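The following note collects remarks on the model for a colleague's consideration. The points are numbered for ease of reply.

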Amino acid sequence: MFLAAIGGGVLNFATFMSYLEHFKGEFDVAISARELFTYIGIATMPPFVELLNSSYGLHGTYILMGALLWNCVVCGALLKPASGAARNPANIQQISFQNKLNSLAENYFCCVSDGRPSSNFLAKHVAFVVYQLIHSQFYYVLSGWVIFLIPFGTSTGLLPSQAVYLSTAGGIGGLFGKILTIVVFYYDKMDEITAGVLPSCMISIGLTGYMLCSNYTLLILFSFICGFGLAIADSALAGMFPRYLCTYHHRLGSAISFFFCGVFLQLGGSLSGAILDLTSSYVYVFGAMILITVVNGLMSFLLRFMDKDITECSGVND
């Protein structure tokens with residue numbers, strides 16, 4: 001599982017950077033199209049895995065799931081660097097690890113003005129810091145929601161075969177959210193309100209619904225609403241990444257973004273599990289998610305009015 005997590009993280013980062021390099025003028029639409037297929041998996045995989053598990057057992061299911069992932073090897077082999085992005089091996093110097101760290105600190109974590117280091121990378125890109133915190137916190141909610149949705153359903157008295165369709169409803173809602181995001185990006189109407197504030201409202205409504213009712217039809221509806229809002233937030237915020245960071249720092253910003261989104265993704269499961277263990281109630285689990293979602297909505301509203309003018313940075317040694 002640890003190796004699978006490492007592979008998934010590297011794969012996500014590599015494909016994200018590939019989109020940044022190949023679709024510079026249409027990154028938001030392209031990355032939204034990629035994100036669409038994430039929710040196809042959320043909608044279809046739970047019942048598919050349940051079917052495999054009933055037919056082949058857990059061991060056989062893992063073998064078949066691993067076999068499905070071999071398509072990534074073929075797709076990765078077919079990828080080529082974007083025009084002008086290829087590195088010339090003759091220009092790569094053999095330098096020590098310490099020199100590489102020094103170069104990284106000078107060229108990436110400092111910005112340059114008049115040929116001299118002028119400010120810290122994060123200090124210059126304050127809007128990116130706020131953006132990243134918003135994006136990471138949405139991953140906390142997404143992780144907790146995905147992990148505990150089906151157990152929550154069974155806790156209300158639903159059979160496992162019924163509870164699994166709560167996830168399917170969320171995935172279907174996510175599909176519609178992803179499609180809507182592509183359309184909004186295509187017509188250049190996406191901003192912090194449509195990417196953060198409105199999805200926060202929808203997610204809060206869906207999570208509150210879980211706390212107030214146990215009717216199966218309504219739970220399906222609230223799952224659809226949650227999936228719809230989370231999909232918009234996830235896809236829209238990913239597509240807005242270049243708006244808060246200069247081109248020079250895209251690679252560093254991507255690494256920071258994936259790291260913190262990964263951290264909050266893990267916290268969503270572990271902290272939600274800890275809350276459930278301490279309280280034995282899903283009300284507190286979803287209540288914590290609602291609190292974070294409301295904070296995200298307020299921060300998204302604040303980000304709408306922050307200075308987002310980007311001055312292109314350059315390395316100290318350029």
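**Nonpolar core, helix H8 and confidence**

1. In this predicted model, the largest nonpolar core holds 55 residues, and the members touching the most others are Val141, Trp145, Leu207, Tyr210 and Phe241. At least two residues each are supplied by helices H1 (2-22), H2 (27-68), H6, H7 (160-186), H8, H9, H10 (250-279) and H11. H6 gives the largest share, 14 residues.

2. Which residues does Trp145 touch, leaving aside those up to four places away in sequence? They are Gly170, Leu207, Tyr210, Ser223, Cys226, Gly227, Leu230 and Met289.

3. Helix H8 spans residues 192-212, 21 in number, and extends 29 Å between its first and last C-alpha, close to the expected 30 Å. At its start, a side-chain oxygen of Asp191 comes to within 3.0 Å of the backbone nitrogen of Ile193.

4. The buried residues of H8 include Val197, Ile203, Leu207 and Tyr210, and also Glu192, Pro199 and Ser200. Among the elements covering the buried residues of H8 are helices H6 (126-155), H9 (216-239) and H11 (282-303).

5. On confidence, the protein has an average pLDDT of 81, and 80% of the residues score at least 70. Residues 85-95 remain under 50, and the model has four contacts for them beyond four places in sequence. The stretch 112-118 is likewise below 50, with eleven contacts beyond near neighbours in sequence. Where pLDDT is low, predicted coordinates should not be read in detail.

Key:
Residues are numbered from 1 along each chain as its sequence is written. Side-chain values use heavy atoms; hydrogens and water are left out. Helices (H or I, at least four residues) and strands (E, at least two) are DSSP runs, numbered from the N terminus. The expected span of a helix is 1.5 Å times one less than its number of residues. Buried means under 20% relative accessible area, exposed over 50%, partly exposed in between (1.4 Å probe, protein chains only). Contact means heavy atoms within 4.5 Å. A polar contact is a pair of N or O atoms within 3.5 Å; within protein, one must be able to donate a hydrogen and the other to accept it, and residues adjacent in sequence count only if both atoms are side-chain atoms. A nonpolar core is a set of buried Ala, Val, Leu, Ile, Met, Phe, Trp, Tyr and Cys residues joined through side-chain atoms within 4.5 Å. pLDDT is the predictor's confidence in each residue, from 0 to 100.
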